[in-house]
Amino acid sequence: MSGKGKGKKPAKEGGGGEEKVKAASHVKVRHILCEKNARILEAQKELREGKSFNDVATKYSEDKARQGGSLGWMTRGSMVKEFQDKAFSQPIGVPSEIFKTGFGFHILLVEDRKA
């Protein structure tokens with residue numbers, strides 16, 4: 001009895017790989033934002049060790065979304081280009097690789113998409 005992907009571990013982490021991502025105009029996203037590369041690397045290490053995104057974001061993120069990193073539903077055109085490109089290409093439930101914007105270093109997690 002499979003639910004809608006809940007409880008399933010993704011086969012691979014990171015860069016978005018070969019997996020197809022359905023087209024959408026909205027994404028529900030969480031992120032971790034750090035000014036320093038060393039700090040985001042610590043967060044990435046904890047994610048790879050199996051810690052929850054919510055806990056790692058609360059511990060490491062340096063922005064207003066610090067409580068679990070939730071940014072809620074974001075629309076295409078409301079984010080900086082680098083963040084938007086990653087958010088709309090990242091598979092659901094797979095933490096992204098580290099990427100940089102003018103705000104700092106990020107790891108994001110797409111929770112859902114809708115048209």
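These exercises walk you through one protein chain, with a worked solution after each task.

**Before you start**

This is a predicted model, in which local features need a pLDDT of at least 70, side-chain atom pairs count only at pLDDT 80 or more, and totals for chains, interfaces and linings use all residues. Residues are numbered from 1 along each chain as its sequence is written, and side-chain values use heavy atoms, with hydrogens and water left out.

**Exercise 1. Find out what pLDDT the protein chain averages, and over which residues the pLDDT is below 50.**

Step 1. Recall the term: pLDDT is the predictor's confidence in each residue, from 0 to 100.

Step 2. Take the chain as a whole. Its average pLDDT is 84, and 79% of the residues score at least 70.

Step 3. Now look at the start of the chain. Residues 1-19 have a pLDDT below 50. Beyond near neighbours in sequence, this stretch has 22 contacts in the model, where contact means heavy atoms within 4.5 Å.

**Exercise 2. Work out how many helices and strands the protein chain has, and in what order the elements run.**

Step 1. Know what is being counted: helices (H or I, at least four residues) and strands (E, at least two) are DSSP runs, numbered from the N terminus.

Step 2. Count them. The protein chain has 3 helices and 4 strands.

Step 3. Walk from the N terminus, and you meet the elements in the order β-α-α-β-α-β-β.

Step 4. Check how the chain comes together. Among contacts with a separation of 6 or more, 62% are between residues 24 or more positions apart.

**Exercise 3. Decide where the buried residues of α1 fall, seen down the axis of the helix.**

Step 1. Size up the helix. α1 covers residues 37-48, which is 12 residues. From first C-alpha to last it reaches 16 Å, close to the 16 Å expected at 1.5 Å a residue; the expected span is 1.5 Å times one less than the number of residues.

Step 2. List its buried residues: Ile40, Ala43, Gln44, Glu46 and Leu47. Buried means under 20% relative accessible area, exposed over 50%, and partly exposed in between (1.4 Å probe, protein chains only).

Step 3. Look down the axis. The buried residues of α1 fall within an arc of 160°, so they line one face of the helix. The arc is that of the directions from the helix axis to the C-beta atoms.

Step 4. Add the general rule. An α-helix has 3.6 residues a turn, so residues three or four places apart point the same way.

Step 5. See what lies over that face: the cover of the buried residues of α1 includes β1, α2 (53-60) and β4.

Step 6. Compare two residues of α1. Ala38 is partly exposed, with a relative accessible area of 49%, whereas Ile40 counts as buried at 0% relative accessibility.

Step 7. Step past the end of the helix. Just after α1, Gly50 takes a positive phi of about 100°.

**Exercise 4. Name the elements that give two or more residues to the largest nonpolar core, and the element that gives the most.**

Step 1. Start with the meaning: a nonpolar core is a set of buried Ala, Val, Leu, Ile, Met, Phe, Trp, Tyr and Cys residues joined through side-chain atoms within 4.5 Å.

Step 2. Find the members. The largest such core has 12 residues, including Ile32, Ile40, Val56 and Phe105.

Step 3. Sort by element. β1, α1, α2 and β4 each give two or more residues to this core, and α2 gives the most, with 4 residues.

Step 4. Zoom in on one member. Beyond four places in sequence, Ile40 is in contact with Ile32, Cys34, Ile98, Phe105, His106 and Ile107.

**Exercise 5. Settle whether His106 is buried or exposed, and find the polar contact that its side chain makes.**

Step 1. Place the residue: His106 belongs to strand β4.

Step 2. Check its accessibility. His106 counts as buried because its relative accessibility is 3%.

Step 3. Look for a partner. The side chains of His106 and Thr101 make a polar contact (2.7 Å). Such a contact is a pair of N or O atoms within 3.5 Å; within protein, one must be able to donate a hydrogen and the other to accept it, and residues adjacent in sequence count only if both atoms are side-chain atoms.

Step 4. Widen the view. Beyond four places in sequence, the residues in contact with His106 include His31, Leu33, Phe83 and Glu97.
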